[in-house]
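Me: I'm new to this one and would like to learn how to read it. Could you walk me through it, a feature at a time?

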Amino acid sequence: MAGVSNVVVAAAVVVLLALPVAALVWWARRHRGMGSEADRATLRSLHAANRAGRALREGLSQSSAERAVRSLRPLLTAPVVALSDGRTVLGWDGDGESHRAGESHSGDVLAAARASLDDGRARVDRVRCSDPRCRLRAVISVPLVVDGSRIGSLHAVDTAARAPLIKATHEVAVWISGQLELAEVDRRRSGVAEAELRALRAQISPHFIYNALTTIAAFVRTDPDQARELLLEFADFTRYSFRRHGEYTALADELQAIEQYLTLERARFGDRLRVTLRIAPDCLTVMVPYLSLQPVVENAVRHGLEPKSAPGHIVVEALSDGADVLISVEDDGVGEDPDRIQAALDGVAHADSIGLSNVDLRLRATFGERYGLVVETAPGEGTRVLMRVPRFAARAHAGEAPAH
Amino acid sequence: MVHTEVGLIAVVAVCLLTLAIGVFGVRVSRTTSDFYVASRSVGPVVNASAIGGEYLSAASFLGAAGLILSQGADALWYSVGWTAGYLVLLVLVAAPLRRSGAYTLSDFAELRLESRAARKVSSVIVVLIGVLYLLPQFQGAGLTLHTLVGAPGWAGSVLVAAVVLVIVVSGGMRSITVTQAFQYWLKLTALVLPLAVLLVHWRHAGGAGAPQLHVADWVEPMQGRYATYLVYSLMVATFLGTMGLPHVVARFYTNIDGRAARRTTIGVLGLLSVFYLLPTVYGVLGRIYSFRLVRSGHTDAVVLELPSDMLHGFGADLLTGLLGAGAFAAFLSTSSGLAVSVAGVLSQDVLRGRSDRVRDFRLATALVVGATLVLLVASTGVPVARAVELAFAVAASTFCPLLLLGIWWRGLTAPGAISGLVAGGTLSTAAVIAALAGYHAPGIAGPLLAQPAAWTAPVGFAVMVGVSLVTAGRRPPGVMRTMVRLHTPEHLDVDRGSFDPERPTARPAEPTAHRGAQRRPATM
């Protein structure tokens, strides 16, 4: 036993020692063959620009500016580089932010920032310092322009206003403006995606309401009691679908809405409609986009079972599959030409099959491209719609918790 | 050695049954008539049984009794700690964790810290804890098969590893809540029935004690040089480690809301309190009848050996067979639950995107099971319960600080959490490797390495708090919203915020361009 343990300890030590060596070798291999000194300098500049760009793509804020200036200073080779938004200095890299109590250059930079934001041009200001060791004498300021409005300024502070430095600061400021413009585009794009989601959700409810009301209307004269019952079910369902808060809901709640919907449909179908649920209990708490399963079931009823004269059967299943939940809605109805379904998912089909493409779009927009609907069908073979939902998606939990 | 047929049949039957349930799945099937029932979540009792079924592993089934047999009163703390861990979970973690919506500990890290890096680090530690926890399961299986049929030690480990691989890779373990709930009652029955027979036999034999019961070392707590430290360290590890076990956290997801999560935890406390009475009695009976195991050092086998030491003939074989079946049920349920949780995390965060999802998951399972087998070969027969406790020590030094600080302190930052996870994880893992390798350090370092939790957990906390205070500027922007979400009961209508790590630019609180009052006429 003791012999074995010594071997194991030795092996562990060898592994622990080997790791840093391997890391060094890997690093050396990556940095070999990088060409002449000029080549390496170019690469260093590009790398610095890349790092600064990544920070700036988040927009101009305290944290992004702090990270950006750290990469910008080697790029400009100035003792101090700062970014300001005209009200405060957001990021500062280099000495001289404050020498001692009451004496700081960030005030000078801020004054220069205000001035350059006001006249909209690059400028050079002289600064004075009572600290004998401080040799900073010039602040070069260039405004940053996004969408035609000046939102901040870049500053380089140096011992003298050298022409190359002024030129470089100007070039870098133009580049930063470009990055900030991209950040603004990103921000707007995510806003558009959210608005699109809301619009899609708004689309789903009227569609169902129209169908439900026509169903109830069919009963008003022949069976008023039944019509009243159905109206009450309908009222419950609309309370669910007009809920103000939250884009997401627990699968359990969605199933309850489907039950109310099916009560309405069963009034018309009678015994022709059978539904089986196979839901693993640990899937009931998964958050799904609100009203995402109901349109799929509705599609199975409307396009699968309704044209069929014989009784139809719908199976709703939910199973865990690793970190995802796999939900399937299967009917033994008339089926459909796969090309037409493809067209419907692509959004080129007629308005009647808006349900599936809507759900598909919302799933993709919420969870990513990998989470689209999968439809398996053929004429006369029934239809199976597969939906994959991740158990944890940070966005899905932001909304409403299960209403229990 | 008992007659091998009964034991073999029992083990094979349990393996086949588990395989069948795993591969074909038990689905809850309902028709339209009880639609309403089908759209309800499972209740706290079923959920609590499921947690109990998955949680009670080889360490509880075999190891706890074995340690009581060899160490006596001090070993009671294992059972107490494994139960009391849920008390800490109940009071401080259960409801907020459920409200977070996290399915894995990595999910929680990502949600609370809004950092991909924190997610990655957590995933690595989840895999580490998972492998450490699987290790004693496989080891216990080897021991059980050896005791039952005299098979070589590796046979049982490989059998359990193979069954787990088949279940998980075949895409099984789908409706595991109900299956795992059944496992708890199976394990309880498999321990209670033989114990009842053995106790009746003991009464009939005169109910006598034995001289080895009255050894001061065994019967009195805190005997020995560093006993006080060792016991307190064990308490820290088990009390605080429970919340960091990947398969336990995944089970909490099944609760419908925070309240249900708390109720489930209370249920688990009750079920575990009942269960952990049994190993103690087995240990004491073993002290009377199976004292030879203490001399030979195979105390983990006491639960399995006791029937044949007390009784003779077919009855003893039958009881041993039942205990063996229960033990295998314990290995299989815990191992497959763990393998699913850990492989899920590994495939999602570490292997992500290499190939398609299913292949990633299978590869991850094979990696986890394979790594455990390799570690099993390399380790030197640490008692089963000790090995599990080492996994608890790592959990207590990493995820306990992350969860407690993440839930109750808004100052926790991503750099702080990551450095705490790395510091606590590295230190405790180093100690665990030393323990598994059978390395006994001289002097005070010995107990410090043997039970590291009492110092590695505080180090984890201290590093997290310290680095978070230093990097106070890097608090996650959405921390207040996250806190509202974690601590507000679900039925209250409040803004629970929105957070998306994929799109860090979508932060309305930080406008990229100033509009309105700041707007200046464009003159350039």
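Reply: Sure, starting with domains: their bounds come from an automatic or database domain assignment. Keep in mind that this is a predicted model. For chain A, the assignment gives domain 1 (36–187) and domain 2 (221–397).

Me: How far apart do the C-alpha centres of domain 1 and domain 2 of chain A lie?

Reply: Those two centres are 55 Å apart.

Me: Let's go to strands. Which way do the side chains point along strand β7 of chain A?

Reply: In a regular strand, side chains alternate between the two faces of the sheet. Strand β7 (residues 273–279) of chain A does just that: A:Leu273, A:Val275, A:Leu277 and A:Ile279 point to one face and are buried. A:Arg274, A:Thr276 and A:Arg278 point to the other face and are not buried.

Me: In what sense does β7(A) pair with strand β9 of chain A, and over how many bridges?

Reply: The pairing with β9 (residues 312–321) is parallel and runs over seven bridges. For a spot to look at, find A:Val275, which has A:Ile314 of β9(A) opposite.

Me: Now a helix. How far does helix α8 of chain A reach?

Reply: You can compare a helix with the span expected at 1.5 Å a residue. Helix α8 (residues 294–305) of chain A has twelve residues and covers 15 Å from first C-alpha to last, close to the expected 16 Å.

Me: Why is α8(A) described as largely enclosed by the rest of the structure?

Reply: Because eleven of its twelve residues are buried. Among them are A:Pro295, A:Val297, A:His303 and A:Leu305.

Me: What about nonpolar cores? How many residues does the largest one have?

Reply: In soluble globular proteins, nonpolar side chains tend to be buried together. Here the largest core has 216 residues, and A:Val297, B:Ile129 and B:Phe328 are among those with the most contacts inside it. Helix α17 (residues 314–350) of chain B brings the largest share of this core, 19 residues. A second, separate core has 38 residues, including A:Ala112 and A:Leu180.

Me: Can we finish with a single residue? Is B:Val463 buried or exposed?

Reply: The cut-off for buried is 20 or more other C-beta atoms within 10 Å. B:Val463 has 21 such neighbours, so it counts as buried. B:Val463 sits in helix α22 (residues 453–470) of chain B. Leaving aside residues up to four places away in sequence, B:Val463 touches B:Ser419, B:Gly420 and B:Ala423.

Note on methods
Residues are numbered from 1 along each chain as its sequence is written. Chains are lettered from A and ligands numbered from 1 in the order in which they are written. This is a predicted model: local features need pLDDT of at least 70, side-chain atom pairs count only at pLDDT 80 or more; totals for chains, interfaces and linings use all residues. Helices (H or I, at least four residues) and strands (E, at least two) are DSSP runs, numbered from the N terminus. Two residues are in contact if their C-beta atoms, placed from the backbone, lie within 7 Å. A nonpolar core is a set of buried Ala, Val, Leu, Ile, Met, Phe, Trp, Tyr and Cys residues joined through C-beta atoms within 7 Å. The expected span of a helix is 1.5 Å times one less than its number of residues. Two strands pair if DSSP finds at least two bridges between them.
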